[in-house]
Structures are given as structure tokens and as C-alpha cells.
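Open the model in your viewer and keep the sequence panel beside it. We will move from stop to stop, selecting as we go.

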Amino acid sequence: MSELAKKYSHLELEQEISAHWQKQKPLAFSPQAKPFTIVLPPPNVTGDLHLGHAWDGAIQDLLVRFKRLNGYKVAFIPGMDHAGIATQVKFEKLLKQQKQSREQLGKELFLEELNNPITNILLPIVADLSADPEFGTGIVKVTPAHDQTDFEIGQRHGFKPILAIGPNGKMLAVAQEFVGIDRLLCRQQLIDKLTKNGSLVETKIHLGTLSRSERTGDISEMLLSEQWFIKMQPLAKLVLKLQNTKDATRFSPPRFAKSLKQ
């Protein structure tokens, strides 16, 4: 009897099994076949796998194979992350601190509390490894147009970057009532409004790193903008061609003319 491997390798078994089924050709289906779709849920926001995942995956695998063998057009689709559960738990803890519950709020008010208290825009909630679940509430807002890490998160989840701060450091129209206000002043006014309407739980001071202008000492803000490039080779050819005419650029001392052609 061979020794049992320490780690399971699906490749050693699946390749042989797959080749067998492909040879038997039981997987063909007609264009008129009925569709059967299962959305494959990804791992938890924590990234930890447990027996529940194995049990769930085994059932999905069984259903997919069974339907496929019965002539269905089967689609096993990787789904979106399901971090809504973790978000709900965090939010319910905040409600508990205020001696409330989601049942008391009701569905509409509960969802309203999860909206952006300021612009009435429903915010998408996703899970991403960039967020630290042990930091604060474990939930963090992202601004893909104003932070490099947030931009990368936005790219992974298909967020549309929204510019809220203009080149002059003042808020743009998307900020609605705060439009035209300097972004530093806007932050304080935003805190004041959240405090007034009861949406702010608490504020804490955290040490961090800020980029500052070398000349003015002002805080630098990341702004998403288009970057353009110039093809220099066509321009270089024009300059070198000009050097063979009477309008050539004269260098002093003349030996530097050779550097131009290098």
C-alpha cells in the first residue's frame, strides 16, 4: 500500500477522470438544451476556509455534474464577494451600542443608515484584502479618484472613479452643498453635519503619513487625470534633418554638435 500524501492534489485524479469523460462524450448538449446556472460564492472576507465551504462546494459540484450528464447547458459562474454579512454584523454592533436593533429600524431605515448620509447615493459594499478588519469598525470608505490604494481597489471591483476635489483644492459639484469649499474646511463641516444628524459615532486620531509640497508645505492631494506622452523619434528626425541645412543649430564649442546625433 502506498503512503498517503500529506496534501491532496486534485490534478492527479481530475486529469484522469476528465479524460475518461471526454472520451465517452456524454457531455454534449444541443443548442436547445435547458440552461442550469450556479453562482460560485468566493471564500469569506476573512479568507479562512472551514468544513462549511467543503460541504457547500461538494453539493455544488454534485449538482453541476448531475445536470451536465442530463444534457443541460451548465454554467458554473464565479460570483461577487459576499461581504454583506460581515458588514451587517459590524453595523449591528454599532446599533447595539446605541441600544437599537435592525428589527427596530426596519428594512428601509436600516438600508438608509448604510447609505451615504450626505449625497443620498447608495454605496456598494465589497470585501477586499486591503482593508484591515481589526482596524476601527473594519469598514472603510474608498475614493478611487483620490488615493492610489483606493484606485486599485476600484479597478478590482469595477468602481467608477468620481472626482470630488478640483485642481484648486476645492470641492466639486458632486459634493452638493459643500461645492466650492476648500477640502480641509469641508472635512470639518462634514463632521459637524454628521454629528448634528446623529450619524457620527465617534472620531479618533490616528498617526499616518501625508505627502506635502516641498515649496509650500501644503498637503498634496491625489487627483485622477489623463497622462499624455509624446513620441520623440519623429521629432528627433526633424531636428537631425534640420542640422543638414543652412538653418542648423550652431553649438559652441562645435564638438557638442556630435552629442545631438548620438
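**Stop 1: a patch on the surface**

Select Ile162, Leu163, Leu172, Val174, Leu223 and Leu224. Together they form a nonpolar patch on the surface, with about 410 Å² of accessible area. Bear in mind that this is a predicted model.

Now keep just isoleucine 162. Where does isoleucine 162 lie? Look in the loop between α6 and α7. Isoleucine 162 counts as partly exposed, because its relative accessibility is 47%, and partly exposed means between 20% and 50%.

**Stop 2: a residue with positive phi**

Select glutamine 176. You will find it in the loop between α6 (148-157) and α7 (183-196). Its phi is near 55°, a positive value in a residue other than glycine. Most residues other than glycine have a negative phi. Is glutamine 176 buried or exposed? Neither label fits: glutamine 176 is partly exposed, with a relative accessible area of 42%.

**Stop 3: a buried arginine**

Go on to arginine 183, in helix α7. It is buried, because its relative accessible area is 6% and the cut-off for buried is under 20%.

Which side chain makes a polar contact with that of arginine 183? Select glutamate 221: the two side chains are joined by a polar contact of 3.0 Å.

Then show what surrounds arginine 183. Leaving aside neighbours within four places in sequence, arginine 183 is in contact with Ile165, Gly169, Lys170 and Met171, and also with Asp218, Ile219 and Glu221.

**Stop 4: a cis peptide bond**

Select serine 252 and proline 253. The peptide bond from serine 252 to proline 253 is cis, with omega near 0°. Most peptide bonds are trans. Proline 253 sits in the loop between α8 (232-242) and α9 (256-261).

**Stop 5: the whole chain**

Clear the selection and show the protein as a cartoon. Count nine helices and two strands. Along the sequence, the order is α-β-α-β-α-α-α-α-α-α-α.

Switch on the surface. The accessible surface is about 21900 Å², and carbon and sulfur atoms hold 58% of it. Of the 262 residues, 14% count as buried.

**Stop 6: confidence**

Colour by pLDDT. The mean for the protein is 79, and 83% of the residues reach 70 or more. Which element has the lowest mean pLDDT? Select residues 107-113: this is helix α5, with a mean of 60. Helix α7 has the highest, at 90. Where pLDDT is low, do not read the predicted coordinates in detail.

How values were computed: Residues are numbered from 1 along each chain as its sequence is written. This is a predicted model: local features need pLDDT of at least 70, side-chain atom pairs count only at pLDDT 80 or more; totals for chains, interfaces and linings use all residues. Side-chain values use heavy atoms; hydrogens and water are left out. Helices (H or I, at least four residues) and strands (E, at least two) are DSSP runs, numbered from the N terminus. Buried means under 20% relative accessible area, exposed over 50%, partly exposed in between (1.4 Å probe, protein chains only). Accessible areas come from the Shrake-Rupley method with a 1.4 Å probe; for residues, only the protein chains shown count as cover. pLDDT is the predictor's confidence in each residue, from 0 to 100. Patches are made of residues with over 30% relative accessible area and no salt bridge: like charges are joined within 9 Å, nonpolar side chains (Val, Leu, Ile, Met, Phe, Trp, Tyr) within 5 Å. A salt bridge is a side-chain nitrogen of Lys or Arg within 4 Å of a carboxyl oxygen of Asp or Glu. A polar contact is a pair of N or O atoms within 3.5 Å; within protein, one must be able to donate a hydrogen and the other to accept it, and residues adjacent in sequence count only if both atoms are side-chain atoms. Contact means heavy atoms within 4.5 Å.
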